[in-house]
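Me: I'd like to learn how to read a structure feature by feature. Could you walk me through this one?

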Amino acid sequence: MAKSILIVDDDEMVCMALTELLKPEGYEIDTVWNAKEALERINKKRYNLLILDIIMPEMNGLELCKKIRANEDYNEIPIVFLTAKSRKEDRELGIEAGAKLFLSKPISPDKLLKIISETLG
Amino acid sequence: MRIRAKLFSVFIILVLLPLLVLASLSLGRFRTALQKASEQDLKHLVRYIYYICNVHKEMSQSKDQAVNSLKGEIKGLRVGKTGYAYIIDGKGSLIIHPAKEGTNIIDSKDSSGFEYIRAMIENALTLSEGELGTIRYQWINPELGETKPRQKINKYIYFKPWDWIISAGTYEEEVYEDLYKTERFIIIIVIISIAMVLILTIMLSKLLTNPIRELTDVTAKMADGDLSQRVNVTGTDEVSVLGTSFNRLISQIHDYTSNLEKMVGERTKELKESRERYRDISRFLNSILDSSTEYAIIAIDLHGTIIEFNKGAEKVFGWKKEEVVNKENISITNTPEDMERGLHSEILERTKNEGVFDVEMYRIRKDGSRFPAYTTITAIQGLSDKEKGFVEIVRDVTQRKGLERELRETKDFLENIMESSVDGIITTDLKGKITYMNRSMEEYLQYDRQKLLGIHISQYYVKGIQQARDIMDILRQKERVGNYEIEVKRKDGKIMQIQTSLFLLRDDNNQIIGTAGIFKDITDKKLLEEKLKATQARLVETSKMRALGELVAGVAHEINNPLMASQTILHVILERLTKDDPGREQLELIGKCNDRIERIVDHLRKFSRQMETEFISLDINQPIENALIMTGQQLLNHDILIEKRLSNDLPRISGDINQLEQVFLNLISNARDAMEEINRDKILTISSSSIKEDGKPYVIVSFKDTGIGIPKENLDKIIEPFFSTKPVGKGTGLGLSLCFGIIESHGGRIDIQSEIGKGTDVRILIPVDSDSPLGRRLNSGSCIFIYDPLTL
């Protein structure tokens, strides 16, 4: 059964590009543009990996991450931040919020594929 | 008249006196004779009655018989006009009396209250036999209508046998009546003779004195000036001879006097004229004296007595001329102290020797008030040596003194202000020569100001005479200049920056007489301003960097999303293409573009990234060595020789070792690039040492290359972000500006000196670690720039 990944990013281009990259690899990709939609989506479906942006309107990625972790179903699901932020404290905040990895944009597609593949096992 | 008087006296002595003596002698004798005869009559009468009584007694008749016989006889007896005889007894009862027989008249009184009957009876009883008594008394007989008492005389005798007093009395004047008649006659005769003699005497004297009097009259008229009179000469007597010679004398005198009169007339005319002239001059002088009401003019003699006192003196001293002239001494106008000191006499003594003497002293008015007076004393000399004295001209200078004091106070006041001004104040004459300078100006220039007076001001201008001319040109146009900046040389050669306000000085006629300037030392202010400007520039640079950093961070973030999308899509497309697809090459080109964008953004992000810096106490040589380890091989590959001159005993600084290493790596990289294309020896000299600047210790690191150098016009720009002369793609233009930011955050600075074709020397100054406020501030973590050496 194909692994499902939910990508949460307010940048449509990023969502499209990641879908293009990951779909051929056999992952099932869903994309949403904000935190509210993301929360709705995870209640309907159980994803194997969540990729979150941080800077988003209304609710940022860090908050979203905490909410998702609050959901019992998502206690152990790997969450990866993929964000334009790169500072050390942002990284610490991200880990604190419950993410497994903190990746800074831009990241080479090969590296990203490798990390995702390793994360999902 | 004297002659007449003499004649009269002779007449009196020779005629009148004997006549009067004769008359009085004969009268006296005549009177005595008459008196005796009258009294004798009364006596005889009394004695006659006494005898009759005696006869009657002898005839042995009784008393009463005798009375009867006697009565008729005695009553018929009369003495003079009113005189009569009577008999009274010792008790005062009238025995026989023409009118009052039988009455007792012992108590009768005369008009003066004298009891003459009692007195008579008492006296009569004491008389011896046959002796007569006399009594006189005053009596008024009212029966005859008399009002005045008349003297009455009584003769009496005492007839003892019958105790009778026989008395006869009459009014005395009746007794003397004949005598008086004779006297009157004699007196009339005498008077007539005197009158006749007088008339004769007068006539005689007239006869004698008339020619003399005529002579005298003529003389008197002559004495009055009438010389035309002549004496009327008649006869040939002595007086006529005298008259003739007198007339001759008069003629001569007349001649003389007419000559004399002529001469005197001329002289008098002359005198009159000169007196007229003198009077004019005198009037003129007096009017001058009196018209000077401000000046008291007083003339005094040698003793100080006032002999002239003009209107001015009256006004100044309060005395009236009449009160003082020839009455008072000049000392009334001098103060008691001056008099005590003998000042005034000393002044007079000096005036005597020197002629004129001026003095200012206090004088006294009539009311005792004092006033300061300016006195000029002149010794004067009259026609004779005796007429010596002095003239004092006195002026009340109270008002002048007051004005002087006011002026002095104003001057002191202004001078005080000028002297206490912290700004320099200086004035010059029209030629520019210094006429005054205040204490501050003296302190500015450090010269003794007394020595500067009269010296041309341009000597102290740095620009010299040209400066003075420039100032004068402006002043002539504008009258005054404010905030004009000039440079002034001090005595020790130091240059002062002066901000001055200048204006023209004019006299009462609005003529320019000089210039005045207020000088403010702004040397320190200028220095401060410069420092402030530099600080401001640095601050502006810093805030510019901060703003830029924020902007760059935002931009980098925004670019990263599309960049990542682009890279990802490109990757996906390339995966799908076959190895020999003709489109692959172009797509890979896009990939390279993406890589460059990524690098730029990364650099930008590093530039703007904010991260906690870590300041520790360190040796500056350590990051230098670290940087060299990393780049040593690279430099060797480029044929660059490294010369290390690092000092071993440098003071430690407070800094972030990684950031500093980053700065040095950057500088080494720049030096390498600068020496890339030169043919000379490629040498990079790296040195470190310590210096002191403005009293603060610094560590200094220098990177000196032998590269192409930086054009002058670029020196200011190289610290600006994005400025680069490197080929596109080789440098981002952010390296040096990052370095500036880091060094600045260490409280230091970067100096760059460069010469085209020779090389560039970049020097970094960092303050020595101390407990300076700067160090603490840096440690508090407000740094802006961060740098990550690993991602370079």
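Reply: Sure. Keep in mind that this is a predicted model. Let's start with a single residue: Arg395(B) is found in strand β10 of chain B, which covers residues 388–396.

Me: Does Arg395(B) count as buried or exposed, or something in between?

Reply: You count neighbours. A residue needs 20 or more other C-beta atoms within 10 Å to be buried, and 12 or fewer to be exposed. Arg395(B) has 18 C-beta neighbours inside 10 Å, so it counts as partly exposed.

Me: Which residues is Arg395(B) in contact with, leaving aside its neighbours within four places in sequence?

Reply: Those are Glu294(B), Tyr295(B), Ala373(B) and Tyr374(B). Have a look at Ala296(B) too: 99 residues separate it from Arg395(B) in sequence, yet their C-alpha atoms are 6.3 Å apart in space.

Me: And chain B as a whole?

Reply: Chain B has 20 helices and 22 strands. Of its 792 residues, 23% count as buried. If you take contacts in chain B between residues at least 6 apart in sequence, 56% of them join residues at least 24 apart.

Me: Backbone angles next. What should I look for?

Reply: Exceptions to the usual pattern: most residues other than glycine have a negative phi, and most peptide bonds are trans. In chain B, look at Asp639(B), where phi is near 60°, a positive value in a residue other than glycine. Asp639(B) lies in the loop between α16 (621–637) and β17 (641–646) of chain B, and it counts as exposed because it has 9 C-beta neighbours inside 10 Å.

Me: What is phi of Asp694(B), and where does that residue lie?

Reply: Phi of Asp694(B) is near 50°, again positive in a residue other than glycine. Its place is the loop between β19 (683–693) and β20 (696–704) of chain B. With 6 other C-beta atoms within 10 Å, Asp694(B) is exposed.

Me: Which peptide bond in chain A is cis?

Reply: The one from Lys105(A) to Pro106(A) is cis, with omega near -10°. You'll find Pro106(A) in the loop between β5 (101–104) and α5 (109–120) of chain A.

Me: How do I read a helix, say α3 of chain A?

Reply: List its buried residues, then check how they are spread around the axis. In α3(A), residues 61–70, the buried ones are Gly61(A), Leu62(A), Leu64(A), Cys65(A) and Ile68(A). They cover an arc of only 160° around the axis, so they sit on the same side of α3(A). As for partners, the buried residues of α3(A) pack against β1 (4–8), α2 (35–44), β3 (49–52), β4 (79–83) and α4 (88–96) of chain A.

Me: In which sense do β1(A) and β2(A) pair?

Reply: Strand pairing is read from the bridges. Here β1(A) and β2(A), the latter being residues 28–32, pair in the parallel sense over five bridges. One pair to look up: Leu6(A) has Asp30(A) as its bridge partner in β2(A). Add the helix, and β1(A), α1(A) and β2(A) make a right-handed β-α-β unit.

Me: Last one: how many residues of each chain are in contact across the two chains?

Reply: An interface is read from both sides: 16 residues of chain A are in contact with 16 residues of chain B. On the chain A side, helix α1 (residues 12–22) supplies the largest share, seven residues. By class, that side has 10 nonpolar, one polar and five charged residues.

How values were computed:
Residues numbered from 1 in each chain as written. Chains lettered and ligands numbered in written order. Predicted model: local features only at pLDDT ≥ 70, side-chain atom pairs only at ≥ 80, totals over all residues. Contact = placed C-beta atoms within 7 Å. Helix = DSSP H or I, 4+ residues; strand = E, 2+ residues; numbered from the N terminus. Nonpolar A, V, L, I, M, F, W, Y, C, P; charged D, E, K, R; others polar. Arc of directions from axis to C-beta. Pairing = 2+ DSSP bridges. Right-handed = clockwise from strand over helix to strand, strands pointing away.
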